[in-house]
Amino acid sequence: MDDPNVTKRPSLGRRDFLKTSAAAMVAAALDDGASNAEPIAAHASHDPPPSPPGSANIGYANPLQGTNSTYRFSRGNTLPIAAYPFGMAHWTLQSAEGTSWMFDPSSRRLQGFRCTHQLSPWLADYGQAVFLPCTGAPKLDAEARSSSWRPEQAHLHPFSFELELMRYEIDAELVPTERCGLISSSYKNRETPGFIIEVPGHDVTFEQDPNHSTIRFQSRANHGGVPENFATYYIVEFDQPWKHVQTVETHGGAAAHISFGETGSRKIAARIATSFISYEQCARNLTVELGSQSVDRLRENAEKQWQTYAGRVEITGGTDRQQKTFYSCLYRALLFPHTWHELDADGKPQHFSAYDGKVHPGVMYADHGYWDVYRAWYPLMSILWPEKLSEILESWVNAFREGGWLPQFPCPGYRACMTGSLIDAVFGDAAAKGITGFDLKTAYEGLRKHATQPGDPKKGYGRRGIESYLKLGYVPVESVGQSVAETVDAAYGDFCISQVASSLGQEEDARMFLERSRNWRRVFDQKTGFFRGKHEDGTWLEPFDEFQWGSPYVEGSAWQHRWDAPHDIPALIAQMGGPEIAVAALDRMLSLPPTFHVGVYGQEIHEMSEMAAVNFGQYAQSNQPVHHVLYVYAAAGRPDRTQHWVRQVLDKLYSPDDFPGDEDTGSMAAWYILSAMGFYPLCPGKPEYVFGSPLFEKVTLHLPMNKTLQIEARGQSETAVYVSGVTVNGTPQKSAYLPHETVMRGAKIVFSMQDHPLKS
């Protein structure tokens with residue numbers, strides 16, 4: 001079987017819901033099949049007004065996008081989140097306790113507002129706590145205290161959740177800050193106002209300070225990736241004195257019920273601060289971020305944060321559905337990684353380290369899976385928010401300084417998850433594009449270490465099979481599961497490390513890693529035209545089944561991994577027999593039935609179900625390994641096929657309500673954003689993009705240094721998806737590639753669109 005230490009998602013399926021939104025799911029029956037019905041907008045009751053041409057309207061973002069997901073079928077596997085962009089504290093709605101799938105948009109009852117740090121349901125939450133305004137004396141277990149709500153009447157935005165808790169007759173609003181949040185409750189009946197706090201674990205202590213109307217506690221909940229002294233510290237400050245506090249053990253942990261006076265104010269605010277460092281730091285966060293600010297001011301501040309980030313991109317044209325999808329994806333792309341640093345008394349960043357359990361000066365981020373996000377999210381950041389990218393990269397360097405190894409999948413610290421060491425691509429892309437503001441030299445020390453020395457992959461650092469790779473030039477099937485994936489990821493990682501070495505003037509190392517980057521050839525079988533598993537003695541793993549999922553691949557078969565040499569596509573095309581044969585292979589990939597054999601998984605997993613649910617053959621947009629594949633057409637001389645299929649994916653597999661599979665901390669969203677703009681990075685680690693088919697009439701990017709990139713699609717329509725020509729600053733382009741330097745200098749790119757393909 002595949003090694004569970006590197007399999008992000010369990011080898012089990014999920015229950016599939018009808019493809020409808022929260023509002024439509026009220027009357028929808030559940031079944032186990034995929035539906036192709038057009039979803040009803042999940043926030044139809046408060047759709048924003050149409051945005052003026054060329055303006056950014058984050059109000060179009062739908063926090064429910066991707067939440068209609070289950071264990072067996074994913075349409076995003078996301079949570080509705082109110083937060084600051086990259087906020088440390090994410091706030092969601094809990095409708096189910098004790099599960100990674102804590103929110104079901106079809107549920108008519110809520111158990112509370114939850115402070116969450118969950119990256120993915122497959123890796124579970126940590127440091128969480130749940131808060132619920134209430135009246136009377138309800139039982140405190142999650143389900144017993146739950147209240148009806150009407151999703152179709154709620155107002156859910158990235159910067160505010162407003163809803164009615166119908167059981168208690170309370171109008172409640174949650175507004176986030178970067179590390180804190182405020183819950184404002186208007187009690188409409190005459191029952192005693194109350195507030196419930198539930199924390200996982202049965203060793204929870206609620207420390208009360210009635211003189212200041214505050215309660216503090218710690219949440220130590222986690223599923224790994226933290227040192228023994230990890231805790232999330234909370235302080236809750238009420239703007240009204242309480243009369244009584246009851247604490248009890250619940251099914252999920254411990255709870256406190258705070259009762260207020262019946263004759264007092266019927267509107268109560270709970271100011272909630274969090275910290276990973278200490279109660280002292282938590283109190284500082286409370287003062288700095290919340291203070292005595294009103295809910296209106298805090299909401300305004302949060303909305304401004306979103307508009308500031310989203311304002312880097314302006315779109316004109318497209319349908320209402322396309323604009324909502326775009327801004328919903330932009331919202332998703334700006335949620336992760338979590339900020340993990342906090343400001344000390346002098347306003348300087350410091351952080352508790354998930355790598356050594358100590359407090360250090362400097363920045364830190366957490367909860368990002370490089371395997372998922374290196375393909376599109378990091379390249380998107382290099383264009384739109386490179387200054388934020390620099391800070392995030394410096395945090396990964398800090399992780400190396402504190403733990404001794406670069407992380408494989410920080411959540412929030414070392415976690416063993418997925419294949420390869422794809423942080424190689426993260427730094428390789430930054431080096432190739434000249435991103436500064438972080439310690440590239442120290443980053444290179446970490447990259448070289450895991451590429452030349454054995455680590456401990458089961459603990460979340462180092463390459464699996466590195467000993468065999470260094471000896472044989474590939475990872476044999478006897479060495480580790482998913483051996484082909486480990487080999488091609490290592491070869492691509494070596495290419496990216498060579499880019500870093502070259503930028504630092506380490507030319508001997510650069511040549512060595514560049515030579516190693518050709519190791520993908522050792523597991524490519526020219527006879528079949530696929531990457532294949534190979535034994536230690538050099539013979540191929542038999543029998544070969546092109547449709548079998550799992551080892552020697554990961555979350556896919558030979559088809560989904562057929563183009564796993566993004567740094568060497570021309571050579572891969574040559575190995576396949578030339579451009580015509582490569583194009584034919586791509587055509588066959590998209591025309592075959594979505595056949596899959598469960599292989600070592602032993603049963604159908606959700607990625608198989610998601611591929612089978614749509615008519616794209618063996619092309620599984622629902623998972624990241626194929627995200628560059630449609631752009632290989634252009635590299636093989638058929639940009640018209642890239643244009644056709646990219647537009648098919650944009651139009652048919654994304655909506656304001658759904659993703660084609662696990663969204664994975666911005667990866668699916670970034671693919672949509674870049675592809676909708678008309679270009680995509682075929683190979684992160686090379687400072688260039690491949691032209692595609694722009695979705696909107698006009699896109700304007702407001703870049704750093706007061707530069708502007710303007711993209712126009714003249715003649716674009718629902719059918720005019722093909723490009724007859726491209727000009728950059730008036731000069732016709734003969735290449736399929738757009739240099740990163742051209743983008744960042746600012747330019748005017750004009751696509752001429754038509755309704756029939758141009759094959760050159």
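Me: Why does Val199 count as buried?

Reply: Val199 has 0% relative accessibility, and the label buried covers anything under 20% relative accessible area (exposed is over 50%, partly exposed in between, with a 1.4 Å probe and protein chains only). So 0% puts Val199 in the buried class. Before we go on: this is a predicted model, where local features need pLDDT of at least 70, side-chain atom pairs count only at pLDDT 80 or more, and totals for chains, interfaces and linings use all residues. Residues are numbered from 1 along each chain as its sequence is written, and side-chain values use heavy atoms, with hydrogens and water left out.

Me: Which residues does Val199 touch, not counting those up to four places away in sequence?

Reply: Val199 touches Gln128, Ala129, Val204, Phe206, Phe217, Gln218, Ser219, Gly252, Gly253 and Ala254. Touching here is contact, meaning heavy atoms within 4.5 Å. Val199 sits in strand β10, where a strand is a DSSP run of E with at least two residues, a helix is a run of H or I with at least four, and both are numbered from the N terminus. As for Thr250, it is 51 residues from Val199 in sequence and 9.2 Å away in space, C-alpha to C-alpha.

Me: Pro200 is in β10 too. What makes Pro200 partly exposed?

Reply: The relative accessible area of Pro200 is 21%, which falls between the two cut-offs, so partly exposed is the right label. Strand β10 covers residues 193-200. With neighbours within four places set aside, Pro200 is in contact with Gln128, Ser219, Ala221, Gly252 and Gly253. Gln128 is 72 residues away from Pro200 in sequence, yet their C-alpha atoms are 7.4 Å apart.

Me: And what puts Lys734 in its accessibility class?

Reply: Lys734 comes in at 86% relative accessibility, so it counts as exposed. Lys734 belongs to the loop between β30 (731-732) and β31 (737-739). The C-alpha atom of Lys734 is 41 Å from that of Tyr365, with their positions 369 residues apart along the chain.

Me: What is unusual about phi in Glu555?

Reply: Most residues other than glycine have a negative phi, and most peptide bonds are trans. Phi of Glu555 is near 50°, a positive value in a residue that isn't glycine. Glu555 lies in the loop between β24 and α13, and its relative accessibility of 3% makes it buried. Asp664 is another one, with a positive phi of about 55°. Asp664 is found in the loop between α17 (639-652) and α18 (667-677) and is buried at 7% relative accessible area.

Me: Which peptide bond near Pro552 is cis, and what is its omega?

Reply: That's the bond from Ser551 to Pro552, with omega near 15°. Pro552 is in the loop between β24 (530-531) and α13 (569-576). Cys411 and Pro412 are also joined by a cis bond, with omega about -15°; Pro412 is in the loop between α7 (386-403) and α8 (423-432).

Me: What makes a group of residues a nonpolar core?

Reply: The members must be buried Ala, Val, Leu, Ile, Met, Phe, Trp, Tyr or Cys residues joined through side-chain atoms within 4.5 Å. In the largest core, with 205 residues, Phe131, Phe217, Phe427 and Trp563 touch the most other members. Helix α11 (residues 483-503) gives the most to this core, 11 residues. Beyond four places in sequence, Phe427 is in contact with Leu393, Trp396, Val397, Leu406, Phe438, Ala443, Leu447 and Val500. A second, separate core has 15 residues, including Ile277, Ala354, Met364 and Trp405.

Me: How do you know that the radius of gyration agrees with a compact globule?

Reply: The globule rule is 2.2 Å times the number of residues to the power 0.38, with the radius taken over C-alpha atoms. For 760 residues that gives a value near 27 Å, and the protein chain has 26 Å, which agrees. The C-alpha trace spans about 80 × 55 × 50 Å along its principal axes, and 64% of the 760 residues count as buried. Of the contacts with a separation of 6 or more, 69% come from residues 24 or more positions apart.

Me: How many helices and strands does the protein chain have?

Reply: There are 19 helices and 32 strands.
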